[in-house]
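Colleague: I would like a close look at one charged pair in this model. Please start there, then work outwards through the parts around it.

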Amino acid sequence: MKLIAVGDNVTDCYLDEGIYYPGGNAVNVAVDCKRDGAEKVNYIGVFGNDDRADYIRACMEEEGVTCERSRKVFAPTCQPGVKINEEGDRIFVGGIRDTCQHLFSIRLQREDLEVIKEYDICHTSCYSNLEYELETLSRVCKVSFDFADGNLDYYLIAGESMPEVLGNYTYLTGTVPVPQKWTLGYHQCRWSYMSEEEIHALAKKAAGYGTKIIGITRGSKGSVFYDGTEFYTQGICKVDVVDAMGAGDAFIAAFLRHYADNKDMKEALSYAAERAAYACTYAGGFGHPHKA
């Protein structure tokens with residue numbers, strides 16, 4: 001299986017520790033997919049012109065992810081702050097503004113598409129500001145899109161253009177990491193409070209717009225996936241959590257890698273749950289701490 005990720009790159013700044021880690025949904029999925037045994041993994045993103053951008057890129061290349069079609073602009077790297085509250089939950093706080101992530105979006109060129117079509121799956125997310133390129137992407141590659149924590153119902157209800165957008169996805173997933181010090185697989189999110197019937201109705205609605213596979217995580221209740229015909233449920237893997245940063249991205253990467261190679265939904269979900277739990281046992285999206 002070969003995967004290319006297009007989208008965000010950031011440095012997650014742990015304010016109380018004075019440390020930052022390379023991250024971003026697209027970056028994390030790319031690195032995790034390579035760690036999970038993908039044959040080839042590439043990344044296209046917009047890098048800043050600071051030391052943090054150079055560090056992210058160096059870490060990715062060390063992990064075996066190539067970045068040759070990425071852009072470099074005159075702007076700082078996005079630096080979301082991370083703090084831990086009294087309950088051990090991870091809280092994101094605002095970082096600096098006018099970063100490369102805020103100011104620039106990728107406009108895919110013919111040369112980009114020539115590279116992308118060599119891959120089995122192109123992964124992106126709601127954090128990557130790439131919705132306007134989804135139709136173009138879907139013509140050359142299967143598209144995986146992460147709608148993150150609770151955006152899908154808004155898209156379906158309020159997004160007038162979403163039927164066209166949803167029809168461009170092959171894989172549509174929403175995942176939420178677990179906070180620190182919880183012995184769970186994933187954090188309770190709004191999906192946790194929906195009934196099974198509501199979850200099924202939401203997935204069927206998304207599938208009705210053309211999406212092939214829809215996945216929704218539900219905190220301690222595990223995940224529900226739908227392939228247009230059958231629903232699949234997957235429980236969590238309990239671990240002693242060190243840091244849940246990137247656990248949802250690890251789930252996506254593991255599922256995509258395993259399912260693309262084997263086409264076995266149950267095995268892919270079991271493997272994804274194991275890899276997501278493992279991602280909670282180390283700090284950062286995929287490690288590589290750096291002094292801030």
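Modeller: Arg71 and Asp112 form a salt bridge through their side chains, with N and O 2.7 Å apart. Keep in mind that this is a predicted model. The two partners come from distant parts of the chain, 41 residues apart. Arg71 sits in strand 5, residues 71-72. Asp112 sits in helix 4, residues 110-116. So the bridge links a strand to a helix.

Now compare how covered the two residues are. Arg71 has a relative accessible area of 22%, so Arg71 is partly exposed. The cut-off for buried is under 20%. Asp112 has 0% relative accessibility, so Asp112 is buried. The pair also belongs to a network: salt bridges link Arg69, Arg71 and Asp112. Across the whole structure, a search finds eleven salt bridges.

Side chains of opposite charge can pair when their charged atoms come close. Two further examples follow. Glu111 and Arg110 form a salt bridge at 3.5 Å, N to O. Glu111 is partly exposed, at 38%. Arg110 is exposed, at 63% relative accessibility. Then there is Glu114, whose salt bridge partner is Lys117. Their closest N and O atoms are 3.1 Å apart. Both residues are partly exposed: Glu114 at 41%, Lys117 at 45%.

Go back to strand 5 and follow its sheet. Nine strands make up this open sheet, in the order 5-4-1-8-9-10-11-12-13. The pairing is mixed. Strand 5 and strand 13 (231-234) stand at the edges. Each has a single partner strand, so one side of each has no neighbour in the sheet. That places Arg71, a residue of strand 5, in an edge strand.

At the other edge, strand 13 pairs with strand 12, residues 223-226. The two are antiparallel and share four bridges. One bridge partner pair is Val224 with Thr233 of strand 13. Helix 1 packs on this sheet. Helix 1 touches strand 1 (2-7), strand 4 (40-47), strand 8 (121-125) and strand 9 (142-146). Its direction makes about 160° with that of strand 4.

How enclosed is helix 1, residues 25-35? Nine of its eleven residues are buried, so helix 1 is largely enclosed by the rest of the structure. Among the buried ones are Ala26, Val27, Val29, Ala30 and Val31. The buried set also includes Asn25, Asn28, Asp32 and Cys33. After helix 1 comes Gly37, with a positive phi near 105°.

Val224 gives one more link. The C-alpha atoms of Val224 and Glu196 are 9.1 Å apart. Along the chain, those two residues are 28 residues apart. Glu196 belongs to helix 8, residues 196-208. With 47% relative accessibility, Glu196 is partly exposed.

Next, a second sheet. This open sheet has five strands, in the order 7-6-2-3-14, with mixed pairing. Strand 7 (90-93) and strand 14 (290-291) stand at its edges. Each of these has a single partner strand, so one side of each is left without a neighbour in the sheet. Inside the order, strand 2 (residues 10-14) runs parallel to strand 6 (residues 81-84). Two bridges join them. Tyr14 has Val82 of strand 6 as its bridge partner. Strands of a sheet pair through backbone hydrogen bonds, either parallel or antiparallel.

Helix 2 lies across strand 2, strand 3 (19-23) and strand 14. Helix 2 runs at about 55° to strand 3. Here we meet another arginine. Arg52 is found in helix 2, residues 51-62.

What is the nearest side chain of opposite charge to Arg52? That side chain is Asp50, 5.4 Å away. A salt bridge needs the nitrogen within 4 Å of the carboxyl oxygen. Arg52 is buried, yet has no salt bridge. Instead, look at Thr11: a polar contact of 3.0 Å joins the side chains of Arg52 and Thr11. Leaving out residues up to four places away in sequence, Arg52 touches Thr11, Cys13, Tyr20, Thr77, Gln79 and Ala292.

Set the two arginines side by side. Arg71 is partly exposed and joins Asp112 in a salt bridge. Arg52 is buried and has no salt bridge, but its side chain makes a polar contact with that of Thr11.

Conventions
Residues numbered from 1 in each chain as written. Predicted model: local features only at pLDDT ≥ 70, side-chain atom pairs only at ≥ 80, totals over all residues. Heavy atoms only, no water. Buried < 20%, exposed > 50% of the residue type's maximum accessible area, 1.4 Å probe, protein only. Lys, Arg positive; Asp, Glu negative; His and termini not counted. Polar contact = N/O pair within 3.5 Å; in protein donor to acceptor, adjacent residues only side chain to side chain. Contact = heavy atoms within 4.5 Å. Pairing = 2+ DSSP bridges. Axes fitted to C-alpha atoms, helices over the stretch in contact; angles between N-to-C directions.
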